[in-house]
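Morning, everyone. Please take a look at the structure on the screen, and then I'll walk you through it.

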Amino acid sequence: MAKRNYVYFLLFFFFTLSLETFSQSPVSQSPVDVDKVTDAQVEQFIKEMEQRGMSDAEIEAAALLNGYTPDDVAKLREKINRIKTGTNNLSNETDNKTTREQIGELAERTPIQVDQKTEIAQKKEVFGREIFNNKNLSFEPNLRLPTPKDYVLGTDDQLKIDITGYAYQHYDVTVSPEGTVKLESLSPIYVNGLTVAAAKVKITDRLKLLFGGLRNGKLNADVTLGNVRSIKVTVVGEVANPGTYTISAFASVFNALYLAGGPGEKGSFRNIKLLRENKEKAQIDLYPFLTKGEFVGNERLLDQDVIFVPMAESKVELEGKVKREGIYELKVNETLEDALFYAGGPSDQAYLESIKITRNTKKEKKLLTVDGDNLGMYALQNGDLVHIGAILDRYENRVEVSGAVFRPGEYSLSESLTTVKDLLEASEGLREDAFLERVLIVRERENLDPEIISINLKEILNGSKSDLDLKKNDQVIVKSITELRELRRVEIKGSVNQPGEFDFAEGMSVEDLILLSGGFKEGASEKRIEIAKRLYNDESSNETVEVVIINSEDLFAKDGKTLLSPFDKVFVRDLPNYEEQKLVSITGEVNYPGLYTILKREERISDLIERAGGLRMEAYSEGARFYREGKLVALDLKRALSNSKELGNLILSKGDSLIIPKVQEVVKLSGQVLNPTIIAYQPDLKFQDYISQAGGVTDSAYVRKAYVRYANGLTDRTRSFMGIKKYPEIQRGMEVIIPTRNKYRWTPAERIAVSSAFVSIATILVTVIRIL
């Protein structure tokens, strides 16, 4: 009855809209476009319908007279139904209804603890165990996939039913524990144990009582699976965690096995049984999935299914040169070839001519050998250990050529390469510098000892001698002429811009070598160039080198060249009086301090002072300091200036520095004095007076070793003769230094030893006196 009222609402709505359109535009009386009718207009119509009263015939007649079609009625009825149910956004409603969820909580995987003390951690695992230890792989079913055609409905499954066409209605129903669904006033519909397709047929037949359009095809009914129920399955046998697990109804055997931790150490991966109602439904082999990614026997589970993992019947171990070492489970009809396939096949270094198998007998072990061509015919037994060795690290047809050929390297013996000439042709021939008179062939004897065979390759190439056949692992060594002689170089030293060694070339002259070295320096002598040549005399001569002297003035003017020989050494001398400018420095109390260039080889300190304009009135010559290579050179400048031939008047060198201070009026006292200080110079004070000015000496002072350091760097010490001390002369700017006396302190052991010695001596003396 409610559905019929919707039709009346729609018809009246069409009539009302037509009147509004006619009143607004008298010229046009065409029906209103239903697609452009807004939700607000529909809501307004519903309110007005509640206030007005019209018969069904009047509303229907008005709609037909205004040209509305049954499709228009269906569209408006759908909008009214959506507003009545409170879902204004149809697309969102559809999305929410098609989102499938899992009902209830599912069982979680029990963690498997494996440490270094467990047996599993110490042994090689059976192939396939690692997949069940992977936390990122759970085989959980995807609920967003289309409903499987063979999915069987059960308690708690949710069905979504949609009626579409000129009318729209949606139902969300859940399968009850009795296996039925309830729709409005209809009697319960039993769907338990049916597929979704079969349930759709049954539900559609029952809905035809409510919707007449389902009978004539004007309405469509769609039944889909909504939220999915959970089921309980039991995993028993040789599994890590046997038990009953709650899983999704979409789950498969792999999902249940993962929750149970997979087959245990003794469990089978090849013969897992799915039991349903006490009958074997399927047999699962995990190896196709592990080796090819194929889900063989991965049945979807039903409630109360039982997964049984029996013990493995036959396990073998593969080690050595296989791609994946480990323990593998084999079926009864499988062979060594199948075991190698599960291990990923042999590696590229595997030796397959003879495979060793260690087998357990009733009393002891037994070693078997299998030919690699019969792998598919050899059946393995439980406990077999298959060892695949490595091929030998040697070649059966390799020869090698090195040295003065264009393409040295390794080559293979073949029908077209059997001799030395064939090998040279394969290496694209000899280089121009090849030494042909003696070519070496290193060959292995039968006992693997090496031997060397020398041949004259020139005779073989011109045909005077027959070619030599090669054997495997032969090494042909062709030396070059360059390798057989000392590296030929020439050297130039002296006054050239880039002295050094250069490679010798035939026809090289002295002129060429000078050009290669960058030419002469400015100070090069034009009169003397020496060439030292090696002499190749017999033992009767004492001369080993010949020196040739040439004049550089005529060197480049000659028509001919001064040819060089290998290992020649050329020396270009400097001009006798040629030197680079050498600078010295003079600062302080002179008239013209600054840098000066040394004018001659024997220029001295006095000459430098004279060139600097002499000393000024306030200059203190006794305190002049002279530095060479950054170090102070102590000298008496006053004495040197008084006599130019004095030894202290040093000859200047590059970098020398002379500092002339002003007159210094102080004396410094340091070391073991009570008050180290600086006091004014007083010529009437004696040495001891200056020490008294510093408060005297300390208890650690070594007065006998007192010394002074004068301002010019010279030092003087205290002298003593027969108790008479002579102290150093007092001068301005000097420093008086009192050193420390290092007193030796006896250790307790030394004191005891000395005391004992004195007692012993005293005892001896007393004894001697008594005897006398």
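**A nonpolar patch and a positive one**

Let's start at V547, which sits in strand β24, residues 545-550. Keep in mind that this is a predicted model.

Is V547 buried or exposed? Neither, in fact: V547 is partly exposed, because its relative accessibility is 48% and that class lies between 20% and 50%. V547 also belongs to a nonpolar surface patch, together with V545 and I549. The accessible area of V545, V547 and I549 together is about 250 Å².

Now to a charged patch. Which residues form the positive surface patch? They are R704, K705, R717, K725, R741, K743, R745 and R751.

Take K705 from that group. Where is K705? Look in the loop that runs between helix α17 (687-693) and strand β33 (707-709). K705 has a relative accessible area of 48%, so K705 counts as partly exposed.

Let's step back to the whole chain. How many helices and strands does the chain have? The secondary structure comes to 18 helices and 37 strands. The chain has 772 residues, and 36% of them are buried.

Next, the surface. The chain exposes about 46,400 Å². Carbon and sulfur atoms supply 50% of that area.

Last, contacts. Consider the contacts with a separation of 6 or more. Of these, 61% are between residues 24 or more positions apart.

That's the tour. Thanks for listening.

Technical notes:
Residues numbered from 1 in each chain as written. Predicted model: local features only at pLDDT ≥ 70, side-chain atom pairs only at ≥ 80, totals over all residues. Heavy atoms only, no water. Patch = residues over 30% accessible without salt bridge, like charges linked within 9 Å, V, L, I, M, F, W, Y side chains within 5 Å. Areas by Shrake-Rupley, 256 points an atom, 1.4 Å probe, with all protein chains shown as cover. Salt bridge = Lys/Arg side-chain N within 4 Å of Asp/Glu carboxyl O. Lys, Arg positive; Asp, Glu negative; His and termini not counted. Charge placed at Lys NZ, Arg CZ, Asp CG, Glu CD. Helix = DSSP H or I, 4+ residues; strand = E, 2+ residues; numbered from the N terminus. Buried < 20%, exposed > 50% of the residue type's maximum accessible area, 1.4 Å probe, protein only. Contact = heavy atoms within 4.5 Å.
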